[in-house]
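Work through these exercises with the structure open. Try each task before reading its solution.

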Amino acid sequence: MEQSRRNFIKKTATGAAALSFGGVLSGFSPKSYGRILGSNEKITVASMGVNSRGLAVAQNFASQKDCEVLHICDVDSRAAQVCIEAVTKIQSKSPKNTPDFRNALEDKDVDVLIVTAPDHWHAPATLMACSAGKHVYLEKPCSHNPHEGEMLVEAAARYKRVLQMGNQRRSWPNVAAGIKELHEGVIGRPYFAKTWYTNNRASIGIGKEIPVPEWLNYDLWQGPAPRKPFKDNLIHYNWHWFWHWGTGEALNNGTHMVDLARWGLGVDFPTKVNSTGGRYRYQDDWETPDTQVINLEFDNQSMITWEGRSCNGKYDEGESVGVIFYGENGSMQIQSGNDYKIFDLKNNLVKEVKNDFVIDPRNLQNPSQQLDALHIRNFFDGIRLGTPVISDIDGGHKSTLLVQLGNIAQRTGHTLNINPKNGHILNDPEAMKLWSREYEPGWEPKV
């Protein structure tokens, strides 16, 4: 029966496949959202890391009628219980509380591991899942450092697993339509993409070493990262701002817009990367920049910039987050939501495509559930039909690498020269020290 179920998942078509053509999902609206749910055979998942964003992703998977969440895996017993209750209400069947996700990987009934844990866990958990025969839905960024990203690409090919990165805007219909127009020359050749993110994040203060709370398995939370004492300003969200576990705003939110910029310009690896910025707003434990500008140059006479302002939320071009493409005959702005505008060279608005979904880009947990479901459907098509996923791990690694290189340039304080064929840093031993990282002995990831 188990083998038959596996064969069924590989061969069965889902109705959503007919809705996708040429990488552009069309005909969707809030009303049609309900129609994308449905199939007789369920894809079964385990969800790792279910606080905040992870809770929303687990609920979105559970909301798919052809999916069942079997395991909730979290080192925080409180977060696990909240997620179990939320998922149970959706699917009317309670998932198992499996604090250590490695135990869920031993379950032969599990098809997919959802990885929404902190960044330092993204690649190691995915590699374990691939070697256990599981497909992976991996929240961005796909890796903590470039070497891990390359390992993921290798693992997907070796184990023939479907890896979809959670840069969900690739599946948003109007965003995809805008990129299609861009590629068809609506503004001529695009040669410059400006991306940004703004917020009003508060100070994280100076952390104090305290006993680990009884609800937290801190050793498992650290996992592959070398051990450090527990501090009261680290968990759950502030780990983003420590290089040891996180990757800063550049990968936390920059990955989304830089990915769209790379897609729109049709580029892979840069030739030159530099970054300026720092921790300017507060004096506290926050290590990564709260203000940062990354510049990426490519060999087809194009460039991408990313501006991150974590502690000053003044909108840019009327939006808290976005990307603008500048071309020979005009410009295109893809805004925070599923919409875009096209301008001519005289700054006249010549076309506007508006979003009809509810989106809040500053909602950390669930900014766009209905639209993100389209990304999940595409992931399911990849598993069932072998359909190329819209954000496979090869593309996910390339987009993640761009902002990783920006962070490496920031930390070394100088411009990086890059091999445009593979993204590797050229002749720079200092920068190459940040290509990988040290791991806790016995936790080293492997393909």
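The exercises below go from the whole chain to single residues of this predicted model.

**Exercise 1. Judge the confidence of the model.**
Task: state the average pLDDT of the protein and find where pLDDT stays under 50.

Solution.
- Step 1. Start with the average. The protein averages a pLDDT of 90.
- Step 2. Check the spread. A score of at least 70 is reached by 89% of the residues.
- Step 3. Find the weak stretch. Over residues 1–39, pLDDT stays under 50.
- Step 4. Note its contacts. The model has 81 contacts beyond four places in sequence for residues 1–39.
- Step 5. Decide how to read them. Where pLDDT is low, predicted coordinates should not be read in detail.

**Exercise 2. Describe the protein as a whole.**
Task: how many helices and strands does the protein have, and what share of its residues is buried?

Solution.
- Step 1. Count the elements. There are 13 helices and 17 strands.
- Step 2. Take burial. The protein has 447 residues, and 60% of them count as buried.
- Step 3. Take the surface. The accessible surface is about 18000 Å², and carbon and sulfur atoms hold 49% of that.
- Step 4. Look at contact range. Among contacts with a separation of 6 or more, 72% join residues 24 or more positions apart.

**Exercise 3. Classify the packing of H5 on H6.**
Task: are helices H5 and H6 roughly parallel or roughly antiparallel?

Solution.
- Step 1. Locate the helices. H5 covers residues 119–131 and H6 covers residues 146–159.
- Step 2. Read the geometry. The helices pack at an angle of about 10°, with axes 10 Å apart.
- Step 3. Apply the cut-off. Angles under 35 degrees count as roughly parallel, so H5 is roughly parallel to H6.
- Step 4. Add the hand. The crossing of H5 and H6 is left-handed.
- Step 5. Name the residues. From H5, Ala 123, Pro 124, Thr 126, Leu 127, Cys 130 and Ser 131 take part. They meet Glu 148, Met 151, Leu 152, Ala 155 and Tyr 159 of H6.

**Exercise 4. Do the same for H2 and H11.**
Task: at what angle do H2 and H11 pack, and is their crossing left-handed or right-handed?

Solution.
- Step 1. Locate the helices. H2 spans residues 53–63, and H11 spans residues 369–385.
- Step 2. Read the geometry. The angle is about 65° and the axes are 10 Å apart.
- Step 3. Give the hand. H2 and H11 cross in a right-handed way.
- Step 4. List the contact. H2 supplies Arg 53, Asn 60, Phe 61 and Ser 63. H11 supplies Gln 369, Asp 372, Ala 373, Ile 376, Phe 379 and Phe 380.

**Exercise 5. Check the cover of a helix.**
Task: which residues of H7 are buried?

Solution.
- Step 1. Set the range. H7 runs over residues 173–183.
- Step 2. Count. Eight of its eleven residues are buried, and the helix is mostly covered.
- Step 3. Name them. They are Pro 173, Asn 174, Val 175, Ala 176, Gly 178, Ile 179, Glu 181 and Leu 182.
- Step 4. Look past the end. Gly 185 follows H7 and has a positive phi, near 95°.

**Exercise 6. Inspect the backbone in loops.**
Task: what is the omega of the cis peptide bond from Lys 140 to Pro 141, and what is the phi of Lys 160?

Solution.
- Step 1. Take the proline. The bond from Lys 140 to Pro 141 is cis, with omega near -10°. Pro 141 sits in the loop between strand S7 (135–138) and H6.
- Step 2. Take the other cis bond given here. Ile 235 and His 236 are joined by a cis peptide bond with omega about 25°. His 236 is in the loop between H8 (218–222) and H9 (248–252).
- Step 3. Turn to phi. Lys 160 has a positive phi near 55°, though it is not glycine. It lies in the loop between H6 and strand S8 (163–165).
- Step 4. Check exposure. Lys 160 is exposed, at 65% relative accessible area.

**Exercise 7. Compare two sites.**
Task: is Ala 80 buried or exposed? How does Glu 444 count?

Solution.
- Step 1. Place Ala 80. It lies in helix H3 (residues 77–91).
- Step 2. Apply the cut-off. Buried means under 20% relative accessible area; Ala 80 has 0%, so it is buried.
- Step 3. List contacts. Beyond four places in sequence, Ala 80 touches Val 50, Ile 72, Asp 74 and Asn 97.
- Step 4. Place Glu 444. It is in the segment after helix H13 (429–432).
- Step 5. Classify it. Glu 444 is partly exposed, at 45% relative accessibility.
- Step 6. Span the sequence. Glu 444 and Ala 225 are 219 residues apart in sequence, yet their C-alpha atoms are 9.0 Å apart.

Terms used:
Residues are numbered from 1 along each chain as its sequence is written. This is a predicted model: local features need pLDDT of at least 70, side-chain atom pairs count only at pLDDT 80 or more; totals for chains, interfaces and linings use all residues. Side-chain values use heavy atoms; hydrogens and water are left out. pLDDT is the predictor's confidence in each residue, from 0 to 100. Contact means heavy atoms within 4.5 Å. Helices (H or I, at least four residues) and strands (E, at least two) are DSSP runs, numbered from the N terminus. Buried means under 20% relative accessible area, exposed over 50%, partly exposed in between (1.4 Å probe, protein chains only). Accessible areas come from the Shrake-Rupley method with a 1.4 Å probe; for residues, only the protein chains shown count as cover. Axes are lines fitted to C-alpha atoms, for helices over the stretch in contact, and angles run from 0 to 180 degrees between N-to-C directions. Angles under 35 degrees count as roughly parallel, over 145 as roughly antiparallel, 65 to 115 as roughly perpendicular and the rest as oblique. A crossing is left-handed if the near helix is turned anticlockwise from the far one by less than a right angle, and right-handed if clockwise.
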